[in-house]
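Good morning, and thank you for the time. Please have the sequence and the structure open while I speak.

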Amino acid sequence: MIEWDEKYSLGIPIIDEDHKRLIGIINKAILSKEHNDDIEELMEVLSEMKKYVQTHFAREELYMVKFNYVEYQYHKEQHLDFVTKISAYENGIINADYHIASEILNYLSKWLINHVLETDKKYVDCFKKNGIMKETVNQEETEQGEGEERRSKLDRRSGIDPRKDH
Ligand SMILES: [Fe+2]
């Protein structure tokens, strides 16, 4: 499990909320693996991760363009690599290679933390200077019309609500 720590905070609530939620999803995957090695459940969490990560990356990239961020191209490539990697894992699991589950969780956790601490951190000054603190989240866009039923089933089991701070 990854514990949210203030050291992961970029001091930009609109972005920190996304990062907390992504950590919540990874924790859900870790718990689902620990509990019962349920392959279907891991697939569900991976697909939730991919959906949410794309929403989040799109949000960051939108601001990068809006604020003329110099490292936009490089940052965007990092995001794309991550989405590609999740898809590769999904395919690996479909091919019944369940042994990669631990590798997946390890990779997702490490990538996210490193990305936040190194790559995301670099845009903080630029974003703040350009008024990121005045931006607000569009809740509908965040939810992506996702099935509440599926999420609540998983969340009940893991005891985690990724929409709240943990
Ligand atoms: Fe990022």
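Met-49 is buried, because 23 other C-beta atoms lie within 10 Å and the cut-off for a buried residue is 20 or more. I should say at once that this is a predicted model, and that what I report is computed from it. Met-49 has its place in helix H2. Which residues does Met-49 contact, leaving aside its neighbours within four places in sequence? They are Ile-25, Ile-86 and Leu-108. Take Ile-25 in particular: it is 24 residues from Met-49 in sequence, yet the two C-alpha atoms are 6.3 Å apart in space.

Met-49 also leads us to the core. The largest nonpolar core has 21 residues, and Met-49 is among those that touch the most other members, together with Leu-22, Ile-25, Ile-26, Ala-29, Leu-46 and Leu-105. Which helices supply at least two residues each to this core? They are H1, residues 13–36; H2, residues 39–66; H3, residues 72–94; and H4, residues 101–119. From the side of Ile-26, again leaving aside neighbours within four places in sequence, the contacts are Ile-2, Leu-105, Leu-108, Ser-109 and Leu-112. There is also a second, separate core of five residues, which includes Tyr-69, Tyr-123, Phe-127 and Ile-132.

Let me place this in the whole chain. The protein has seven helices and zero strands. Of its 166 residues, 25% are buried. Among contacts with a separation of 6 or more, 76% join residues 24 or more positions apart.

I return to H2. This helix has 28 residues, and the distance from its first C-alpha to its last is 40 Å, close to the 40 Å expected at 1.5 Å a residue. Its buried residues are Glu-41, Leu-42, Val-45, Leu-46, Glu-48, Met-49, Tyr-52, Val-53, Glu-60 and Tyr-63. You will note that this list includes Glu-41, Glu-48 and Glu-60 beside nonpolar residues such as Leu-42 and Val-45. As background to such a list, an α-helix has 3.6 residues a turn, so residues three or four places apart point the same way.

After H2 comes Asn-68, in the loop between H2 and H3. Is Asn-68 buried or exposed? It is exposed, because it has 9 other C-beta atoms within 10 Å, and 12 or fewer is the cut-off. Its phi is positive, about 55 degrees, although Asn-68 is not a glycine. For context, most residues other than glycine have a negative phi.

Beyond that loop lies H3. Its 23 residues should span 33 Å at 1.5 Å a residue, and its end C-alpha atoms are 33 Å apart, so expectation and model agree. Buried in H3 are His-75, Phe-82, Ile-86 and Tyr-89. Against what do the buried residues of H3 pack? They pack against H2 and H4.

Consider the H2 side. The axes of H2 and H3 come within 10 Å and cross at roughly 170 degrees. The two helices are therefore roughly antiparallel to each other. Leu-46, Met-49 and Val-53 are among the residues of H2 that make the contact, and Phe-82, Ile-86 and Tyr-89 are among those of H3. By class, this contact has 15 nonpolar, three polar and four charged residues.

Now the H4 side. H3 and H4 pack at an angle of about 170 degrees, with their axes 11 Å apart. H3 is therefore roughly antiparallel to H4. H3 contributes His-75, Gln-78, Phe-82, Lys-85 and Tyr-89 to the contact, and H4 contributes Ile-104, Tyr-107, Trp-111, His-115 and Thr-119. By class, the contact has five nonpolar, four polar and one charged residues.

My last residue is Glu-135, in the loop between H5, residues 124–129, and H6, residues 139–143. Glu-135 is partly exposed, because its 17 other C-beta atoms within 10 Å fall between the cut-offs of 12 and 20. Which residue 123 positions away in sequence is 9.9 Å from Glu-135, C-alpha to C-alpha? That residue is Ile-12.

To close, I come back to the starting point: Met-49 of H2 is buried and is one of the residues that touch the most other members of the largest nonpolar core. Thank you.

Methods:
Residues are numbered from 1 along each chain as its sequence is written. This is a predicted model: local features need pLDDT of at least 70, side-chain atom pairs count only at pLDDT 80 or more; totals for chains, interfaces and linings use all residues. A nonpolar core is a set of buried Ala, Val, Leu, Ile, Met, Phe, Trp, Tyr and Cys residues joined through C-beta atoms within 7 Å. Helices (H or I, at least four residues) and strands (E, at least two) are DSSP runs, numbered from the N terminus. Two residues are in contact if their C-beta atoms, placed from the backbone, lie within 7 Å. The expected span of a helix is 1.5 Å times one less than its number of residues. Axes are lines fitted to C-alpha atoms, for helices over the stretch in contact, and angles run from 0 to 180 degrees between N-to-C directions. Angles under 35 degrees count as roughly parallel, over 145 as roughly antiparallel, 65 to 115 as roughly perpendicular and the rest as oblique.
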